[in-house]
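Dear colleague,

Here is the structure I wanted to hand over to you, followed by my notes on it. Please read them with the coordinates open beside you.

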Amino acid sequence: MTMQKRKILLHDRTGVPFTIQLARELANQGHDVLYSYGAFFQSPKGSLEPRPQDPPNLEIVAMYLDKPFHKYSFIKRYFQEIKYANDLVDQIRKFDPDVTILTGSHPDALSIVYKKCKDLHTKMVFWVQDIYGLAIKRILGRKIPLIGSLIGEYYIYQEKKLLYQSDEVIIITEDFLDLMELWKVSREKIHVVYNWAPVEEFPVKPKSNRWAKQNHLKDKTCILYSGTLGLKHNPDLLLQLAIHFKMDDEVRVIVISEGLGADWLKEKKDEFSLNNLILMDFQPFEDMPNILASADILVAILEPGAGIYSAPSKVLTYLCAQRPLLVAIPPDNLSARIVTSNQAGIVVPPEDVQGFVKAAVQLVDDSDTRQIYGENARVYAENNFNITKISQQFKQFI
């Protein structure tokens with residue numbers, strides 16, 4: 001079915017690979033697309049530089065702040081969210097889209113955007129990646145029980161309001177449907193669209209590649225984690241891997257990340273003299289196929305309570321690499337179910353540190369099983385990450 005030509009503004013503050021791929025696909029279908037992202041936000045980015053083959057009806061815009069982003073400072077962050085939101089409002093007003101799709105942004109910012117854009121004739125689509133209020137209530141509520149729970153309730157109220165005000169709502173898993181029903185969000189405007197990874201941009205590469213050679217890893221057994229390490233991740237799991245394999249010169253634990261969890265690991269690396277723990281900042285997107293190919297095992301982690309409000313998209317990227325996965329994620333989480341049902345790796349409950357390390361040892365020692373898991377992972381990616389088919393799901397609200 002051919003969609004009527006639209007002006008579409010797709011804003012993903014995180015700038016992840018699959019959203020820019022969607023923007024390119026929609027532009028190739030004839031829509032006028034403005035894709036914007038937060039260049040200031042610490043997260044792995046997709047292929048955001050303009051390409052020679054990009055259609056002229058695609059514009060990619062990076063958004064900046066005048067100071068470093070204070071992600072974990074409540075007051076400073078709030079005022080930065082206001083500035084960011086106002087810049088986004090200006091962008092929407094100038095482009096004057098038929099459809100505005102917003103994802104990856106903080107409720108404080110989105111609330112301002114919705115309020116200031118209510119007089120515009122644009123359909124507002126809320127693409128829900130995480131349930132922010134529940135995350136804050138669970139995580140912050142444990143650290144500062146009364147205040148943390150109140151802050152969480154405030155953001156739950158904000159998110160409910162955003163959901164009610166949205167013309168359409170995209171959720172990334174059916175697991176969110178019960179919550180949407182509890183919050184009385186109209187089922188008619190809810191669309192379930194699984195996240196994906198741009199499989200064509202992650203060709204299978206040999207382990208002995210340029211990046212592996214540059215970092216002296218081509219002859220090592222590499223356990224690799226790449227992605228954010230925020231409040232919903234437990235970096236101690238990665239630390240325990242490095243401690244366990246400390247005396248094995250053939251094994252390296254590689255963590256590619258920035259921010260709170262990465263800083264904590266830097267301190268622990270020095271404290272425990274972990275020469276086998278290699279810490280790196282986020283790497284250029286074009287290097288990622290070689291980076292993932294350098295790994296023998298790819299790791300994803302998610303805190304126990306986070307399973308109901310988040311589904312780590314890094315797992316989907318990992319599946320493209322034809323490498324086995326080791327994930328410490330609640331077993332009922334969508335990402336964990338994909339890994340288990342497709343025999344693409346080993347899933348361990350995130351609170352089972354001993355089981356997590358034991359599973360890593362099992363994979364390190366069994367190259368045949370690693371190969372089978374890796375091949376299964378790639379088959380799933382090739383069968384499920386077709387961007388043409390995925391884009392057709394968006395026709396319901398475009």
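A crossing of two helices is called left-handed if the near helix is turned anticlockwise from the far one by less than a right angle, and right-handed if it is turned clockwise. Please keep in mind throughout that this is a predicted model.

With that convention, the crossing of helix H3 and helix H5 is left-handed. H3 comprises residues 107-116 and H5 residues 145-165, and the two pack at an angle of about 35°, their axes lying 10 Å apart. On the H3 side the contact is made by Pro 107, Asp 108, Leu 110, Ser 111 and Tyr 114, which meet Tyr 154, Tyr 155, Gln 158, Glu 159, Leu 162 and Gln 165 of H5. Sorted by class, the residues in this contact of H3 with H5 are six nonpolar, three polar and two charged.

Further along the chain there is an open sheet of six strands, whose order is E10-E9-E8-E11-E12-E13 and whose pairing is parallel. Its edge strands, each of which pairs on one side only, are E10 (277-280) and E13. On average, neighbouring strands of this sheet are turned by 20° against each other, if direction is ignored. Within the sheet, E11 (residues 297-301) pairs with E12 in the parallel sense over four bridges, and Ala 300 has Val 327 in E12 as its bridge partner.

The loop between strand E8 (221-226) and helix H8 (236-244) holds His 233. Is His 233 buried or exposed? Its relative accessibility is 7%, and because buried means under 20%, His 233 counts as buried. Leaving aside residues up to four places away in sequence, His 233 touches Tyr 225, Thr 228, Ile 301, Leu 302, Glu 303 and Lys 314.

The last element I looked at is helix H12, which runs over residues 334-341 and whose buried residues are Leu 334, Ser 335, Ala 336, Ile 338 and Val 339. What covers these buried residues includes helix H11 (314-320) and helix H14 (367-384), together with strands E12 (325-328) and E13 (345-348). At the start of H12, a side-chain oxygen of Asn 333 reaches to within 2.9 Å of the backbone nitrogen of Ser 335, and just after the helix Gln 343 takes a positive phi of about 50°.

With best regards

Terms used. Residues are numbered from 1 along each chain as its sequence is written. This is a predicted model: local features need pLDDT of at least 70, side-chain atom pairs count only at pLDDT 80 or more; totals for chains, interfaces and linings use all residues. Side-chain values use heavy atoms; hydrogens and water are left out. Buried means under 20% relative accessible area, exposed over 50%, partly exposed in between (1.4 Å probe, protein chains only). Contact means heavy atoms within 4.5 Å. A polar contact is a pair of N or O atoms within 3.5 Å; within protein, one must be able to donate a hydrogen and the other to accept it, and residues adjacent in sequence count only if both atoms are side-chain atoms. Two strands pair if DSSP finds at least two bridges between them. Axes are lines fitted to C-alpha atoms, for helices over the stretch in contact, and angles run from 0 to 180 degrees between N-to-C directions. Ala, Val, Leu, Ile, Met, Phe, Trp, Tyr, Cys and Pro count as nonpolar, Asp, Glu, Lys and Arg as charged, and the others, Gly among them, as polar.
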